[in-house]
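Thank you all for coming. I would like to take a few minutes to walk through one structure, and I will ask you to keep it in view while I talk.

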Amino acid sequence: MEADKPTTMLCTVLAIDHTDFSYRVCSVCERTLPDNPTSLCKFCSVNAFNPRFPRSKRLFRLLMSIASDTKVFTVICFDRAAKVLFGCSADEFFDFAKFHPFAAVNVSRILEERSLK
């Protein structure tokens, strides 16, 4: 498949990695941060103490296996597209998943089953 030509395909979601569906970024510059909640952005650490801005936020990064009629692809679905699939932000889903430990597993199962229909 050529990268410069847009293609429309009918695909099926085979699997979604539900163990690591989001990552932390600086809320100001959106650079990636370590998973340690106390870590601050090296570039925006002055702004991190401004009470108007939260120190970090989460963005979606979904690793999926997608099958067409001829091939299986590994696809990474980032925040903008994943918000459409999930219907909420990564922060909202992360907070929800804290109280509902099987939420990520169930979402991946629903998306996999939905694509088979």
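**Aromatic residues and helix α2**

Phe21 is buried, and Phe93 is buried as well. Before I go further, please keep in mind that this is a predicted model, and that every value I quote is computed from it.

How do these two rings sit relative to each other? A search of the whole structure finds 4 aromatic pairs, and one of them is formed by Phe21 and Phe93, which meet edge-to-face, with 5.1 Å from centre to centre and 80° between the planes. Phe21 lies in the loop between β1 (12-16) and β2 (22-26), whereas Phe93 belongs to helix α2, so this pair ties together parts of the chain that are 72 residues apart in sequence. As for the wider setting, Phe21 and Phe93 are members of one aromatic cluster, together with Phe60, Phe86 and Phe96.

Let me stay with helix α2, which runs over residues 90-99 and in which Ala90, Phe93 and Ala97 are buried. Why do I group these three? The arc they cover around the axis is only 65°, which puts them on the same side of α2. On the other side of α2 we find Lys98 and Phe99, both of them exposed. For Lys98, the relative accessible area is 55%, and that is why I call this residue exposed.

Lys98 also forms a salt bridge with Asp95, in which the closest N and O atoms are 3.5 Å apart. Both residues lie in helix α2, 3 residues apart, which is about one turn of the helix. As a reminder, an α-helix has 3.6 residues a turn, so residues three or four places apart point the same way. Asp95, for its part, is partly exposed, with a relative accessible area of 39%.

**Salt bridges between distant parts**

The structure holds 4 salt bridges, and besides the one within the helix I would like to show you two others. Arg61 forms a salt bridge with Asp20, and here the closest N and O atoms are 3.8 Å apart. Since Arg61 lies in strand β3 and Asp20 in the loop between β1 and β2, the pair ties together parts that are 41 residues apart in sequence. Both partners are partly exposed, Arg61 at 29% relative accessible area and Asp20 at 38%.

In the other bridge, the side chains of Glu30 and Lys57 meet at 2.6 Å, N to O. This pair, too, links distant parts of the chain, with Glu30 in the loop between β2 and β3, Lys57 in strand β3, and the two positions 27 residues apart. Are these side chains buried, exposed or in between? Glu30 is partly exposed, with a relative accessible area of 42%, and Lys57 is partly exposed at 24%. There is one further point about the backbone of Glu30, namely that its phi is near 60°, a positive value in a residue other than glycine.

**Leu33 in the loop**

Leu33 is found in the loop between β2 and β3, the latter being residues 56-67. With a relative accessibility of 9%, Leu33 counts as buried, because the cut-off for that word is under 20%. Which residues does Leu33 touch, if we leave out those up to four places away in sequence? The contacts are Arg24, Val25, Cys26, Ser39, Leu40, Cys41, Arg55 and Ser56. I would also mention Tyr23, which is 10 residues from Leu33 in sequence and 7.8 Å away in space, C-alpha to C-alpha.

**Phe78 and Asp79**

Finally, I would like to look at two consecutive positions, Phe78 in strand β4, residues 72-78, and Asp79 in helix α1, residues 79-86. At 43% relative accessibility, Phe78 counts as partly exposed, whereas Asp79, at 12%, counts as buried. Together with Leu63 and Ile76, Phe78 forms a nonpolar patch on the surface, and the three residues have about 270 Å² of accessible area together. Asp79, leaving aside residues up to four places away in sequence, touches Leu59, Phe60 and Ala90. Two of these names have come up already, since Phe60 is part of the aromatic cluster and Ala90 is one of the buried residues of helix α2.

Definitions and conventions. Residues are numbered from 1 along each chain as its sequence is written. This is a predicted model: local features need pLDDT of at least 70, side-chain atom pairs count only at pLDDT 80 or more; totals for chains, interfaces and linings use all residues. Side-chain values use heavy atoms; hydrogens and water are left out. Patches are made of residues with over 30% relative accessible area and no salt bridge: like charges are joined within 9 Å, nonpolar side chains (Val, Leu, Ile, Met, Phe, Trp, Tyr) within 5 Å. Accessible areas come from the Shrake-Rupley method with a 1.4 Å probe; for residues, only the protein chains shown count as cover. Helices (H or I, at least four residues) and strands (E, at least two) are DSSP runs, numbered from the N terminus. Buried means under 20% relative accessible area, exposed over 50%, partly exposed in between (1.4 Å probe, protein chains only). Contact means heavy atoms within 4.5 Å. The arc is that of the directions from the helix axis to the C-beta atoms. Rings of Phe, Tyr and Trp (its six-membered ring) pair if their centres lie within 6.5 Å; planes under 30 degrees apart count as stacked, over 60 as edge-to-face and the rest as tilted.
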